[in-house]
There are 2 protein chains.
Amino acid sequence: MGYTEKDWLAINTIRVLAADATFHSNSGHPGAPMGMAPVAHVLFNKFMKFNPKNPKWLNRDRFVLSNGHGCMLQYALLHLFGYELSIDDLKAFRTVDSITPGHPEAHDTPGIEVTTGPLGQGISNAVGLAIAQAHTAATFNKDAFPLVDNYTYCFLGDGCLMEGVASEACSLAGHLQLGNLIAVWDDNHISIDGDTNVAFTEDVRKRYEAYGWHVVTVDDGDHDLDGIEAAIQACKEATDKPSIIALRTTIGFGSKQQGTHGVHGSPLKADDIKQLKEKFGFNPEESFAVPQDVYDAYHKHAAEGAAAEEEWNKLFAKYAEAYPQEAADLSRRLKGDLPEGWEKNLPVYTPSDAAVASRKLSETVLSKIEAALPELLGGSADLTGSNLTRWKSAVDFQPPSTGLGDYAGRYVRYGVREHGMGAIMNGLAAYGTILPYSGTFLNFVSYAAGAVRLSALSQVRVIWVATHDSIGLGEDGPTHQPIETLAHFRALPNCMVWRPADGNETSASYYVALTSKHTPSIIALSRQNLPQLEGSIIEKGIKGGYVLHEVENADITLVSTGSEVCICIDAVKYLAENHNIKARVVSMPCFEVFDAQPQEYRLSVLPDGIPSLSVEVMSTMGWERYTHEQFGLNRFGASGAYKDVYKKFEFTPEGIAKRAVATVDFWKDVPNIRSPLNRAFKQLI
Amino acid sequence: MGYTEKDWLAINTIRVLAADATFHSNSGHPGAPMGMAPVAHVLFNKFMKFNPKNPKWLNRDRFVLSNGHGCMLQYALLHLFGYELSIDDLKAFRTVDSITPGHPEAHDTPGIEVTTGPLGQGISNAVGLAIAQAHTAATFNKDAFPLVDNYTYCFLGDGCLMEGVASEACSLAGHLQLGNLIAVWDDNHISIDGDTNVAFTEDVRKRYEAYGWHVVTVDDGDHDLDGIEAAIQACKEATDKPSIIALRTTIGFGSKQQGTHGVHGSPLKADDIKQLKEKFGFNPEESFAVPQDVYDAYHKHAAEGAAAEEEWNKLFAKYAEAYPQEAADLSRRLKGDLPEGWEKNLPVYTPSDAAVASRKLSETVLSKIEAALPELLGGSADLTGSNLTRWKSAVDFQPPSTGLGDYAGRYVRYGVREHGMGAIMNGLAAYGTILPYSGTFLNFVSYAAGAVRLSALSQVRVIWVATHDSIGLGEDGPTHQPIETLAHFRALPNCMVWRPADGNETSASYYVALTSKHTPSIIALSRQNLPQLEGSIIEKGIKGGYVLHEVENADITLVSTGSEVCICIDAVKYLAENHNIKARVVSMPCFEVFDAQPQEYRLSVLPDGIPSLSVEVMSTMGWERYTHEQFGLNRFGASGAYKDVYKKFEFTPEGIAKRAVATVDFWKDVPNIRSPLNRAFKQLI
């Protein structure tokens, strides 16, 4: 309340900066920043608590720009408040190697919490950030020590509301009663195709009420700063529901084209910017000009945030005296480090141990390590009993009022919402205190491809427990049997795809996944039982690929993953007995990790002078990088008992042997066979 | 109304068949079929119009089982009504090569309209089927000739309702006022994780009202056949809205475990089946027993359907007299054939034609062929102006009341709903009269991965116009620049991924995509301008790969796609001038189509005796199958003007030449270089 001309000067400064930057780079989206400048000004100055000098302060309020194309809004705010983002950075908007790329990227730009732009992701990340806050508060707060009480604010547009991933996450947020989450819908009636009435005429308010959200409307988001403030305040007071403010705005406010899709994704014309600056009292001859009054006002708020952090640091120091163990745990988590010795809990197997499905081996890992790693927060997209993602004594993360769990609970019932789950995990990981993992069938990780891609790009540590990883799932049939999935995610940069062959490799997969601070992992696990292999040890598994079975003067190397490794071992025997062929076996549970090993080691695993054959019951794509010949499945699978399905496609010792014989024969006249690992030049990475 | 014991006998027969089949195969989901048997009985006998002897009759009512795991319900119905699905087929449930796989597959089983099981897809397919009906009716129906007036019915469960893809499709269905769509929600309160209250407590009815649907509730779906009938009747009468019936049922009705998730995904125990049969008056010693009365009743309804088709055939014969051109068009469409000579409309270019972005070339193709191919129904996920998917004179597919178009319109405004769009296209294609295509950025086809997979598996002809296909999109940056996407879909069986290099190749891409009746296509198109290449002609392009630039005694083959082909051509000159290296160039717009060519042809393109280097600005995965060395981008891109981004990553004539030199050098000592196309054995396909 009590807004003055100074406030409007700041608001118009943001608008002009957005117009200048997009004009300067001849690219970008001025419309959303110009329309949302008023709410941003009110939110950041009247409500948000943050310290630009330490963008990682734990108890800061989180802000997510789900309509990430409007990033000039966020960049302008970061600059005005004094984050490490200069006016030159604004001038470098959308140029190569700048910290102001076309959409906000969390790993590059201080003050950006999550990477947004692909629509629907940001609001779903915000749900994750809100879950993380609730969980961290329930875990660490004590009487008189409200260590963590931040809010998560999220701006989103019509596009985000249309995306299914947002529907999934918001439905869950309502169920979870996340009162710490406040979203602002930029209800500007415009999307790229023009007026939203061409495709989007649902009653958004009613839908969010149906999800269990608190819904507020502000009719004039262009002028009514008091109304905006009152709305946000009302949302903060609704503590048992997430809130959404339907904020009616004019896209590109101030432009001659305001209110049309002409200002959505293209810079304003020069004469339009001129009239804009004149209208707002700016010198039309100047660009990137910020009135000192605006800097002063924003820096004042930033200083209040710095002071708030100082207070918080004192509170935390006292907390550390009263609760030294909790304080140490929290500090450790924030660094991303795991507790010393945690890995001693990883189960180790010998060949005499029973054959077990790797999904079950995964359950054992989780059950053994969860006590040592309290930051683990698990879940499943309604396949808990199939993914085996829940340790027995786990408490569900649920609103206490449901009687089904509490916010300190470490297991999330995501419902059948794979994409939402993936995007929520990205938010959980971004909060700083949580290491999220979740389960679904490997085939349905594809539903979440948009979120997995952003895990990789934004370099967060999330783990997918991807069970039922092949035709080996059997009867559910081709609709559920992955063929292309591993190739897909192996082709995604900065994503580790694991397919362990037995218990020790499963432990190895988790070891690397959990200790890789900046990389997501997908662990593909079998439904069917797998024997514990002779020669498999964790220390080898963590190299991503290793010699499982060595033999002198081998005729061929069989290279395999997961459930096919043990069949290869049987094929070795079959080849020796029936074809007098000596085969060595390489297990290659993770391409990406193997690729990171020294070339000398890699060539010891896949050496020159010997032909190689890969065996994996799915697309052969990508295997040509490692082996000379490939036995796989470049077609859809079949519904039936898994042994029948394997037999149909000849993934049997005999079927492998047949192809091994063909491989040896085909390569026998080639002198000096080169390992495919030898390359003419290095790849760009 | 007027239901008797005979009806209950039929209902219980379905329940017992579901219990028997899942028990017999020791796998599957008895719960949903047992709970939904009453509504299925009423719907199929009192409302649905179909002829089991001709499952392809155009004006049949469509039925979609979105909760596809309950497929024993559908298989039982198909059997009882006399489709080509015997009692032995039911006994072969979930066994290899049966027509009764673990989830319904449209291409294998007569009477199955679309392939379901992956949750949320079926209801979205149903939206597509309903759009198709509305469009076909608006296009072909005439006064006194209601050729097409069928309904689309869809059963779905809680899981489908939680999936974002369903939210997207249902929001659009409400906007489109599809009164011909009637969904039945199996509101049984159970999902795999147990009671739905652990994750799904939203007000579904209110949400669907918010979407603009007509919502009806039936409180006792286990017993109230009259109520079910009245509800369906009320939905049929709501002609300006899609309808959903919230049907409260008991999962696994009749089992000792009814109402629990114990009956969801596992067969009943022997003693449970025994009591079930006794309770329902069946002989507990018999399995797969169908009372003759049930056959008689169901066959009677089937005969009515056959008679209805006969009447329809007469109507159509009269229609053909009155409207011979329309009748011929409709008959042709139903065969999936294109009109003779349509391909003459494909634009042809010469090297002197201007450089044009391939997304623009795609627009030209669509504009030139749309009149010849009236079955083309286009759209975009809110990127019309970027994807260039709409020809100038197109009319939008919209409810006439909106004033924005009509149901005869051939352009759908999908909104920002990529996954829904993909699943809707699968339904559109399945209807039989439509050839759907739609646009989004290539990167966001990944959002629809679940639907694309089912396009491929169910063998439907749909086309993705996937623009902004690489780092060449420039300023939008890494969040929008595909790296893994082509590898992903190239690894998907039965999916053609095209990346044309110029105008003639764009025409070739469309030619093959449009004439491939049983295969979906993704056409990746540039944002930036591309020159018209010397040596590119449609006849070569349709082979998927061909020699664009030949040279005698070449030192190296450069193999490339799309926007990098013209840079390779420049690299040829650079190599000749600076390194005295002779390079030939192969353009490879589509792996899958190239793979289908005779080996002799393939080896003429990628011959023995010469090293090869692929050049593509994305993941190199998969290229090892065709070339000896690969220049690609196994990392994320960058935000900036596209020329700067290409330069940063060295995709320039100099950068390519550097790697070509390294390749020639690396392979110079290898005698008898083998083309990678030579393989030791054939792949399973």
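Mentor: A salt bridge is a side-chain nitrogen of Lys or Arg within 4 Å of a carboxyl oxygen of Asp or Glu, and that rule can be tried on this structure, which is a predicted model.

Trainee: What makes the meeting of E209(A) and K206(B) a salt bridge?

Mentor: The side chains of E209(A) and K206(B) come together with 3.1 Å from N to O, and because the cut-off is 4 Å, the pair qualifies. Between chain B and chain A the count is 14 salt bridges. Helix α7 (residues 164–175) of chain B gives the most to the side of chain B that touches chain A, with 7 residues, and the residues of that side divide into 48 nonpolar, 41 polar and 29 charged.

Trainee: How is the size of an interface often given, and what do chain B and chain A bury between them?

Mentor: It is often given as the accessible area lost when the parts come together. Chain B and chain A bury about 10,000 Å² between them, with 57% of it on carbon and sulfur atoms. Of the area that chain B buries against chain A, 8% is supplied by Y447(B), R453(B) and L684(B), more than by any other three residues.

Trainee: Why is P38(B), in helix α2 (residues 31–47) of chain B, called buried?

Mentor: P38(B) has a relative accessible area of 0%, and buried means under 20%, so the word applies to P38(B). Not counting residues up to four places away in sequence, P38(B) touches several residues, among them W8(B), R15(B) and L225(B). The C-alpha atoms of P38(B) and L225(B) are separated by 6.8 Å, although the two residues are 187 residues apart along the chain.

Conventions. Residues are numbered from 1 along each chain as its sequence is written. Chains are lettered from A and ligands numbered from 1 in the order in which they are written. This is a predicted model: local features need pLDDT of at least 70, side-chain atom pairs count only at pLDDT 80 or more; totals for chains, interfaces and linings use all residues. Side-chain values use heavy atoms; hydrogens and water are left out. Buried area is the accessible area (1.4 Å probe) that two parts lose on being put together, summed over both. Helices (H or I, at least four residues) and strands (E, at least two) are DSSP runs, numbered from the N terminus. Ala, Val, Leu, Ile, Met, Phe, Trp, Tyr, Cys and Pro count as nonpolar, Asp, Glu, Lys and Arg as charged, and the others, Gly among them, as polar. Buried means under 20% relative accessible area, exposed over 50%, partly exposed in between (1.4 Å probe, protein chains only). Contact means heavy atoms within 4.5 Å.
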